[in-house]
Amino acid sequence: PPPKAVGTDDNPRLRALAAVAAMAKEAVRQDIAVTDDMTNDELFQRYLEQLRPTAGPTHGNTARTFLEWCGRRNATPELADVWLAERRERGYTAGSLSTYCSILRRLFTANGIEIPRSALVAKPISDLEREAKALEPEQIERLIRASASTTPLHQAHLAVASVYGCRRAEL
């Protein structure tokens, strides 16, 4: 049986989470192997080839970070779940985890790797996490001062984002 986490004896949800975490750690310890013969480098290259030209750097960076984390192990959806669980334990937000989950799902589907129904399922984002805090006046002032030393493209982005509130990907 998996080790018990402190304070989980009376809460079934916490017991279940502790059991999942223990299983994930055990899976990493056993070096899960993939049945496919593709290397992680080949997975990454095929993924990059299938990305849209408009895809931001987050997609490639997340896939690369995950594959580097895999090291000598072949990447699998089960390992991706372990990787995501580690990030959840580190305090990553549900929004970030949902984005990472989508990117990793695409990494596997782009390479023809079947994803089990129970793998790579993102937790819904709560309304509290969807609300972005407004920047403080001092932060806005620093941004404006810093923009003077950037490229004209960055200055234009700051101007449009300040007036219309859109993100770089939306421009």
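1. Leu-79 is buried, with a relative accessible area of 0%. This residue of the predicted model lies in helix H4. Its C-alpha atom is separated by 9.4 Å from that of Ala-119, although the two residues are 40 apart along the chain. Leu-79 also takes part in the packing of H4 against H3, to which point 6 returns.

2. As to the overall fold, the protein chain contains eight helices and zero strands. The pattern read along the sequence is accordingly α-α-α-α-α-α-α-α. Of the 171 residues, 27% count as buried. Among contacts in the protein chain with a separation of 6 or more, 56% are accounted for by residues 24 or more positions apart.

3. The largest nonpolar core comprises 25 residues, and those with the most contacts inside it are Phe-66, Leu-84, Leu-104, Phe-108 and Leu-120. At least two residues of this core come from each of helix H2 (40-50), helix H3 (57-70), helix H4 (77-89) and helix H5 (94-110). The helix that gives the most is H5, with eight residues. One of the core residues named above, Leu-84, deserves separate mention: with neighbours within four places in sequence left aside, Leu-84 is in contact with Leu-97, Tyr-100, Cys-101, Leu-104 and Leu-120.

4. The packing of H2 on H5 is the next item. Their axes are 9 Å apart and the packing angle is about 100 degrees. Because angles of 65 to 115 degrees count as roughly perpendicular, H2 is described as roughly perpendicular to H5. On the H2 side the contact is made by Leu-43, Arg-46, Tyr-47 and Gln-50, and on the H5 side by Ile-103, Arg-106, Leu-107 and Ala-110. By residue class, this contact divides into five nonpolar, one polar and two charged residues.

5. H2 also packs against H3. Here the axes come within 10 Å and cross at roughly 170 degrees. Since an angle over 145 degrees counts as roughly antiparallel, H2 is roughly antiparallel to H3. Asn-40, Leu-43, Phe-44, Tyr-47 and Leu-48 of H2 make the contact with His-59, Gly-60, Ala-63, Arg-64, Leu-67 and Cys-70 of H3. The residues of this contact divide into seven nonpolar, three polar and one charged. Leu-43 and Tyr-47 of H2 appear here and also in the contact with H5.

6. H3 and H4 pack at an angle of about 105 degrees, and their axes are 11 Å apart. These two helices are therefore roughly perpendicular to each other. From H3, the residues Thr-62, Thr-65, Phe-66, Trp-69 and Cys-70 meet Leu-79, Ala-80, Val-82, Trp-83, Glu-86 and Arg-87 of H4. The contact of H3 with H4 divides into seven nonpolar, two polar and two charged residues. Phe-66, which takes part in this contact, is among the residues with the most contacts inside the largest nonpolar core.

7. Two cysteines may be noted. Cys-70 is buried, with a relative accessible area of 2%; Cys-70 belongs to the H3 side of the contact with H2 and to the H3 side of the contact with H4. Cys-101 is likewise buried, at a relative accessible area of 3%, and is among the contacts of Leu-84. With a disulfide taken as a pair of cysteine sulfur atoms within 2.5 Å, the count comes to zero disulfides.

Key:
Residues numbered from 1 in each chain as written. Predicted model: local features only at pLDDT ≥ 70, side-chain atom pairs only at ≥ 80, totals over all residues. Heavy atoms only, no water. Core = buried A, V, L, I, M, F, W, Y, C linked by side-chain atoms within 4.5 Å. Buried < 20%, exposed > 50% of the residue type's maximum accessible area, 1.4 Å probe, protein only. Helix = DSSP H or I, 4+ residues; strand = E, 2+ residues; numbered from the N terminus. Contact = heavy atoms within 4.5 Å. Axes fitted to C-alpha atoms, helices over the stretch in contact; angles between N-to-C directions. Parallel < 35°, antiparallel > 145°, perpendicular 65-115°, else oblique. Nonpolar A, V, L, I, M, F, W, Y, C, P; charged D, E, K, R; others polar.
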